[in-house]
Amino acid sequence: MYELLKVEGRAKRGRFHTPHGVIETPVFMNVATVAAIKGALSTEDLERIGTQVVLSNTYHLHLRPGDKLIKELGGLHKFMVCDRPILTDSGGFQVFSLAAMRKIKEEGVYFSSHIDGRKIFMGPEESMQIQSNIGSTIAMAFDECPPALAERDYIIPSVERTTRWLKRCMAEMNRLNSLEDTVNKEQMLFGINQGGVHPDIRIEHAKVIREFDLPGYAVGGLAVGESHAEMYNVLEHVVPYLPQNKPTYLMGVGTPENILEAVDRGIDFFDCVLPARNGRHGHVYTNQGKINLFNQKHENDMTPIAEDCKCPTCQKYSKAYIRHLLKAKEMLGMRLCVMHNLYYFNNLMTEIREALDKGEFAKYKKMRLEGYKQNK
Ligand SMILES: [Zn+2]
């Protein structure tokens, strides 16, 4: 159940109640692709850095260790010792971006595993069965994510098929949730809006899927190669056609700047691999923009990454030490950077929520965007 607590322009401050706890929105979901944040962060670390929702990948977990094994072991929450909400993607995006030799048919997608090349079929029913075995709090609908700049002639039939797939996802989830041995019988399904960078196709699709009255809706197929201006344009057009009184999730986005702009356009769920990936490469976020710890100037700098940061890394360690660890390829260097970056994103969302509570989001957004320009 979603409570819309406050609005400022289109920006939403909400609270989403789930069987695994409350999610305060806007929220940044921390990506644990194969049931772990890349960078050696534990469940205890996630508690320390204020993670509200963990996102895991259906495609990866299906291939390894296998969703049937996860179900046997009691579901993903028990397996990775996590008691907070978990969202699983449908596997569609990875099938379309990672898998080799894929063939899209009405029934689903035939493809070869990127690990061992074995042939696999995944359709809406299979995706729902895998996500049900995983037992996530929120499951995503199985959709096709067409290339960012695909032509209308390709996108229109693709979006229509995604709608037919969504109906099949709903039917299959209802069936699975009613079974005796289902891990999470209260699993929720979010629908996904597609349509490339074409506002009219997006709007038509939004009007159709909102009628299905799902607990939440995502805008998919963005941040896959289009410009930021095109992405913001799509959001301006399509978000008003998605239910305001439900979570609105922008998949795979993005930078702090993208998040601030998207919140302004009515988005309140985000996920992105960027902060963890950048952290592993020594690129860390501050209110003055991103800094590269490999830079020589940090060699003898005994100050933390950010003086005003309350993360576990900045409470103890200096840029000079972390730079040394990164150069020596010590795992701790990566871990400290990833911890700082995820805390930075989680804390950015806390500040956004506080600004919305006070009716000062516009002012807050302007201040942050000006700050980020400093290290450009
Ligand atoms: Zn920090």
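**Close-up 1. His 340 as a buried residue in the predicted model.** In this predicted model, His 340 has a relative accessibility of 0% and therefore counts as buried, the cut-off being under 20%. Cys 311 is likewise buried, with a relative accessible area of 0%.

**Close-up 2. Coordination of the zinc ion by Cys 309, Cys 311, Cys 314 and His 340.** The three cysteines contribute their SG atoms and His 340 its ND1 atom, at 2.1 to 2.3 Å from the zinc ion. The arrangement is tetrahedral because the four donor atoms subtend angles of 104 to 115° around the zinc ion. For four tetrahedral donors, the ideal angle at a metal is 109.5 degrees.

**Close-up 3. Sequence spacing of the zinc donors.** Along the chain, the donor residues of the zinc ion follow the spacing C-x1-C-x2-C-x25-H. Cys 311 belongs to the loop between β16 (289-292) and α12 (312-316), whereas His 340 sits in helix α14 (residues 331-357), so that this pair ties together parts lying 29 residues apart in sequence.

**Close-up 4. The barrel and the helices that lie on its strands.** Eight strands, paired in parallel, close into a barrel in the order β4-β5-β6-β10-β11-β12-β13-β14. On average, and with direction ignored, neighbouring strands of this sheet are turned by 30° against each other. Helix α6 (residues 124-134) packs on the sheet, where it touches β6, β10 (138-140) and β11 (188-193), and its direction makes about 160° with that of β10. Helix α14 lies across β4 (27-31) and β14 (269-271), running at about 160° to β4.

**Close-up 5. Pairing of β5 with β6.** Strand β5 (residues 54-56) pairs with strand β6 (residues 86-88) in the parallel sense, over three bridges, and Ser 56 stands opposite Thr 88 in β6.

How values were computed:
Residues numbered from 1 in each chain as written. Predicted model: local features only at pLDDT ≥ 70, side-chain atom pairs only at ≥ 80, totals over all residues. Heavy atoms only, no water. Donors = N, O, S within 2.8 Å, 3.2 Å for Na, K, Ca; no water. Tetrahedral: all angles 85-135°; square planar, octahedral: opposite > 155°, others 65-115°. Helix = DSSP H or I, 4+ residues; strand = E, 2+ residues; numbered from the N terminus. Buried < 20%, exposed > 50% of the residue type's maximum accessible area, 1.4 Å probe, protein only. Pairing = 2+ DSSP bridges. Axes fitted to C-alpha atoms, helices over the stretch in contact; angles between N-to-C directions. Contact = heavy atoms within 4.5 Å.
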